[in-house]
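Hello,

Here is the structure I promised to send over. Please have it open while you read, as my notes follow below.

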Amino acid sequence: MAEEVKTQVTMDQLVSLCKRRGFVFQSSEIYGGLSSAWDYGPMGVELKNNIKDFWWKAMTGMYDNIVGIDAAILMHPKVWEASGHVENFSDPLVDCKQCKLRFREDNLEEENRTSRTCPDCGGELTESRQFNLMFSTHLGSVEETGSIVYLRPETAQGIYVNFKNVLQTSRQKIPFGIAQVGKAFRNEITTKNFIFRTCEFEQMEMQFFIHPSEDRKWFEYWKEQRWEYYLELGIRENKLQFHQHGPDELAHYAKDAYDIQYEFPFGWKELEGVHNRTDYDLRRHGEFSGKDLKYLDEATGERFIPYVIETSAGLTRTVLTVLSDAYEEEQIDEKEGRTVLRFHPDIAPVTVGVFPLVKKDGLAELAQDIEKELRSDFSTFYDQGGAIGRRYRRQDEIGTPYCVTIDYQTKEDKTVTLRFRDSMEQIRIPIDEIAGTIRKSTKAYRRV
Ligand code: ATP
């Protein structure tokens, strides 16, 4: 077992690893970059897709009464009037009269807020004004007021406006949920901390429709389920906490709200919100569209507007969470150290690296055959370049949980070396047991 010296990850270390190993690149980098926009590289897109699949299975596959949709990003402009976003979805902004920097007033330190001084240069701040976070654009070729559309600031509204469609086509009865993953856009002013807060991001949301009298019960239920989900995703429990919204933090639609927070390198911040949105959204859409969005309980004859418990997680923010949580630097012996991403095997961009010990004497061909076999079950990576130790380190850095090495003995007795990322333990097993051993180990995986 390696002698471990663990260090707390810094944002600089993460950003540098993400660039170096193809997780995340600055958008439009060759033009100097676009502030707060990021691109996901070959490793990043696999990680993001795996997290999305993990969420989708956890939220739809594991429940008979949750179904999915994929709504359009552009919606009828009335949606955002009904939802309250046109009126309420804004941040209070202040500008520095001297250096012209712009800040969210609610993010300023107490001292700067009360003395109205710029935290950067000490200059005087302007009065605060409300700044709507929705991006707007024009549909079609004519720029006139009637053609204004918004890029959705949350995916939830696509679910509410389809409530009746889903109800009628899926034969669901209350309580039931609708899940969706997709892009959302907010014209955020303070976008720092890498991919934590960006103007374009992805959300994974589930809206659960219930009888109004059962809101406490379902709220507690979803809080608990969502906490468990993060443990299953491999996040360390001591890095998670709940934060209940005080009266001044509650969104315009919410009766009760808890954030699940993660301890990022820059502090405890929201990762997901669990909200009791009451009947606010369906009631407003009923009023604004003139359509009856009530639910009829056939057993009791009662007609009512359902309450909604929402679980709203950021996908891109989960990528940052998983990266922060998985990153470790450890000393293996006096001479050597390694950087390792301890991803849960289910979400690792590559599940198994396959290496011939040397290229010659047919070992490369044999290793390629084994890799082809494993490809139908796992995401694989073949590497024949450099010393074997270096190849292991490269896989550690992208979080590959298993590596298979083919050597001369493989030719004789059809066995290989299987190496585990976290413990660096190596075992000798027959080729036809590789897939089974990996599956078993993944199932039993516990973060160390
Ligand atoms: P914040 O207070 O951080 O602005 P919020 O309370 O407005 O967030 P919600 O509207 O509850 O956030 O959105 C649900 C989830 O969507 C958040 O928990 C977060 O994971 C994600 N999210 C929201 N805004 C952004 C953003 N600008 N960039 C990345 N993810 C975001």
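What follows is a walk through the fold, the ligand site and a few buried side chains.

Please keep in mind that this is a predicted model.

**The overall picture**

The protein has 448 residues, 50% of which count as buried. Its secondary structure comes to 14 helices and 23 strands. Along the principal axes, the C-alpha atoms fill a box of roughly 75 × 65 × 45 Å. The domain assignment gives three pieces: domain 1 (4-77 + 151-324), domain 2 (91-105 + 107-131) and domain 3 (350-443). Between the C-alpha centres of domain 2 and domain 3 there are 56 Å.

**The ligand site**

The ligand is surrounded by 15 residues, and the closest of these are Glu188, Arg197, Thr198, Glu270 and Leu271. By type, the shell splits into six charged, six polar and three nonpolar residues. Three strands, β10 (200-210), β13 (267-278) and β16 (307-314), each contribute at least two residues to the shell. Of the elements involved, β13 gives the most, with five residues.

Three polar approaches are good places to start looking. A polar side-chain atom of Glu188 sits 2.8 Å from a ligand nitrogen. Gln203 also uses its side chain, with a polar atom 3.2 Å from an oxygen atom of the ligand. Leu271 takes part through its backbone instead, where a polar atom is 2.9 Å from a ligand oxygen. As for cover, the ligand taken alone exposes 590 Å², and the protein buries 86% of that.

**Arg342 and its two partners**

The structure holds 42 salt bridges, and I would like to point you to two that share Arg342. In one of them, the side chain of Arg342 meets that of Glu330, at 2.9 Å from N to O. Arg342 is in the loop between β18 (337-341) and β19 (352-356), while Glu330 is in strand β17 (residues 327-331), so this pair ties together parts that are twelve residues apart in sequence.

The other salt bridge joins Arg342 to Asp422, at 3.2 Å from N to O. Asp422 belongs to the loop between β22 (415-420) and β23 (426-430), and Arg342 to the loop between β18 and β19, so here the parts tied together are 80 residues apart in sequence.

Are these residues buried or exposed? Arg342 counts as buried because its relative accessibility is 2%, below the 20% limit. Glu330, at 3%, counts as buried too. The pair of Arg342 and Asp422 is likewise buried on both sides.

**Around Asp396 and Arg338**

Asp396 is worth a look from two directions. Arg393 forms a salt bridge with Asp396, with the closest N and O atoms 3.6 Å apart. Both residues lie in helix α12 (residues 388-398), three residues apart, or about one turn of the helix. Arg393 and Asp396 are both buried.

From strand β18 comes Arg338, whose side chain makes a polar contact of 3.0 Å with the side chain of Asp396. A polar atom of the Arg338 side chain also lies 2.9 Å from the backbone oxygen of Arg421. What is the relative accessibility of Arg338? The value is 4%, so Arg338 counts as buried.

**Two more buried residues**

Thr316 is in helix α10 (residues 315-326). With a relative accessible area of 6%, Thr316 is buried. The side chain of Thr316 reaches the backbone nitrogen of Glu202 at 3.5 Å.

Ala257 has its place in strand β12 (residues 256-264). The relative accessibility of Ala257 is 1%, which means that this residue counts as buried. Its C-alpha atom is separated by 9.6 Å from that of Ile309, although the two residues are 52 apart along the chain.

If you have time for one spot, I would suggest Arg342, with its salt bridges to Glu330 and Asp422.

Best wishes

Terms used. Residues numbered from 1 in each chain as written. Predicted model: local features only at pLDDT ≥ 70, side-chain atom pairs only at ≥ 80, totals over all residues. Heavy atoms only, no water. Salt bridge = Lys/Arg side-chain N within 4 Å of Asp/Glu carboxyl O. Helix = DSSP H or I, 4+ residues; strand = E, 2+ residues; numbered from the N terminus. Buried < 20%, exposed > 50% of the residue type's maximum accessible area, 1.4 Å probe, protein only. Near = heavy atom within 4 Å. Polar contact = N/O pair within 3.5 Å; in protein donor to acceptor, adjacent residues only side chain to side chain. Areas by Shrake-Rupley, 256 points an atom, 1.4 Å probe, with all protein chains shown as cover. Nonpolar A, V, L, I, M, F, W, Y, C, P; charged D, E, K, R; others polar. Domains from an automatic or database assignment.
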